[in-house]
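Ready for a few exercises on pockets and a helix? Take a look at the structure, then work through the steps.

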Amino acid sequence: MVDFLQALVDGVMLGATYSLLGLGFTLIFGVLRRLNLAFGPTILVGIYAGSHLSLAWPGALVPVVAVTVAGALLAGVYVERFSFRALARQAPVVSMISTFAVWMQLQELVSLLSPSRTMPYPSPVWLPAVAVGPILLRSDGLLMWSGATLIMLALFALLYRTRFGTTIRAVADSSEAATLMGVNVAMVGAAAFLVASAVGGLAGVLIAQSHQQVTPYFGLWATVKGMTAMLLGGAGSLPGAVVGGLALGVVETQTLWHFGGQWRDLVSYALLFLVVALSPRTRWGSGL
Amino acid sequence: MLEVQDVVTSYGMIQALKGVSLAARTGEVTCILGPNGAGKTTLLYTIAGILRPRSGSVRFEGRELAGVPADQVVRRGISLVPENRLVFAHMTVRENLLAGAYARLGRDGGGVKVDLEAMLERFPILRQRAGQAAGTLSGGEQQMLAVARALMARPRLLMMDEPSLGLAPMIVEQIFEIVAALNREGITVLLVEQNARLALSIAHHAYLLEQGRIAFRGTPSEVSANEAISRAYLGIKRG
Ligand SMILES: Nc1ncnc2c1ncn2[C@@H]1O[C@H](COP(=O)(O)OP(=O)(O)O)[C@@H](O)[C@H]1O
Ligand SMILES: [Mg+2]
């Protein structure tokens, strides 16, 4: 029972960052109706940038966070410009293939520019763990959960309480109708892309401080986690992405505790397969 | 108010409009009849700027519209109630109405508030549903919402694409009463309809569009008097 609770708590703390990745995916997919496979790799660029800065300037946490987010934003602008805006008139699958090519570019780029494949990422290790009865809340987990929760609250406030957010949701709902209302849909799409990249960069900070390191495969890892969270949540619903991320985190940690680490990814992929195969009406990005 | 001259619009190799000319006069209801696939939606989309004509001109209040991007056309005073309504299904009724005023939100916040209240007054059902997701509304309610949303932009020309599509006869009559009332209040209307009898009952002028060409134009009584058209579109048999 304690094991179950401990794994549940760990899963929620971990899953909150998956929710962020899922939200980033959902925003781009919902507004542009195109899959951005390079979403994880844009975050990868940010984390490597942050890692380089932390090596050159040890102890500078705030600048490292800023550079990580800026790096993800910059890479996001690159993807938006060349895989989305430049290909807006082509079929969606063309954009998807293009994001795959960009993914490979970014992955090779960070490998080339880094002294080793595995790069360290700073973490506030001095923060204490908190014990609640028999349950131990590790500091990196608490940081992931609280950070992700704050970011999600801010994102939902932006999307549901501001005119900009309402416009984004309108475009996701029907870009044709939004155009008729006078919305410049291309501009809103680019703006949503930037918001998603910033959310991705922040998620990258939270995840990397927990891993305390990063390899070029982080791009693949983050894309898979984000896409799984989005699909578990119904492919196109923002609250769904939050739930999907949390569910993925809990399934992973429960599997880890009860069956061992080698089963962790297999079980989460099996879950994804079951959800996609069994849900008769996924929303596939009609409205957020 | 609106003059369409020799407009040609294509989808790739397919010409959907093969040189269409028509006019909508200020203060009138102009209706466009025609069978499925005639090009009615294409025509409205060309005027709205969503499609670009290959050639020809669209003038509104004396200014050229052809080539003006869609998001700017609504700022010139033209709103379209699109085919199948296209309400923002996941957004509330109130959010839908505010979205309709998108082009004015920045500079006329006060006016938007007044208009929102006026819309909820005019369509009491929308006030009842104000906090509900638009996708949960019935077809008729969604059509009312689509009309109200278009009005939130304060258009001088209101274009409607088959507002009766898929609605029960009683609801359709209600919608047409609303259109007629809006017209009496001074809004010029360009109405595309397959329900010819009802459309002609409120129209001042009518055009018949067939296979991308204007096949006939006249007053509603001239349309009814034309034997071939009556037989095809009004189901009236004579002699
Ligand atoms: N997106 C499109 N791509 C290609 N052809 C289209 C498209 N939309 C409409 N068409 C064609 O253009 C013609 C006119 O269509 P439309 O304007 O929708 O007619 P209506 O509204 O009168 O039913 C039809 O032959 C239709 O098949
Ligand atoms: Mg049509």
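**Exercise 1. Find the volume of the second largest pocket, then say what lines it.**

Step 1: the second largest pocket holds about 560 Å³. A pocket here is an open set of points on a 1 Å grid over the protein atoms alone, where a 1.4 Å probe fits, with protein on both sides within 12 Å along at least five of seven lines; lining residues have an atom within 4 Å of a point. The volume is the space filled by probe spheres set on the points.

Step 2: 24 residues line this pocket, and nearest its centre lie A:Leu14, A:Met144, A:Ser210, A:His211 and A:Arg264.

Step 3: sort the lining and you get 11 nonpolar, six polar and seven charged residues.

Before going on: this is a predicted model, where local features need pLDDT of at least 70, side-chain atom pairs count only at pLDDT 80 or more, and totals for chains, interfaces and linings use all residues. Residues are numbered from 1 along each chain as its sequence is written, and chains are lettered from A in the order in which they are written.

**Exercise 2. Check the span of helix 8 of chain A, and work out whether it is enclosed or not.**

Step 1: helix 8 (a DSSP run of H or I, at least four residues) covers residues 185–211.

Step 2: at 1.5 Å times one less than the number of residues, its 27 residues should span 39 Å, and the end C-alpha atoms are 38 Å apart, which agrees.

Step 3: 19 of the 27 are buried (under 20% relative accessible area, 1.4 Å probe, protein chains only), so helix 8 is largely enclosed by the rest of the structure.

Step 4: just after helix 8, A:Gln212 has a positive phi of about 60°.

Key
Side-chain values use heavy atoms; hydrogens and water are left out. Helices (H or I, at least four residues) and strands (E, at least two) are DSSP runs, numbered from the N terminus. Buried means under 20% relative accessible area, exposed over 50%, partly exposed in between (1.4 Å probe, protein chains only). Ala, Val, Leu, Ile, Met, Phe, Trp, Tyr, Cys and Pro count as nonpolar, Asp, Glu, Lys and Arg as charged, and the others, Gly among them, as polar.
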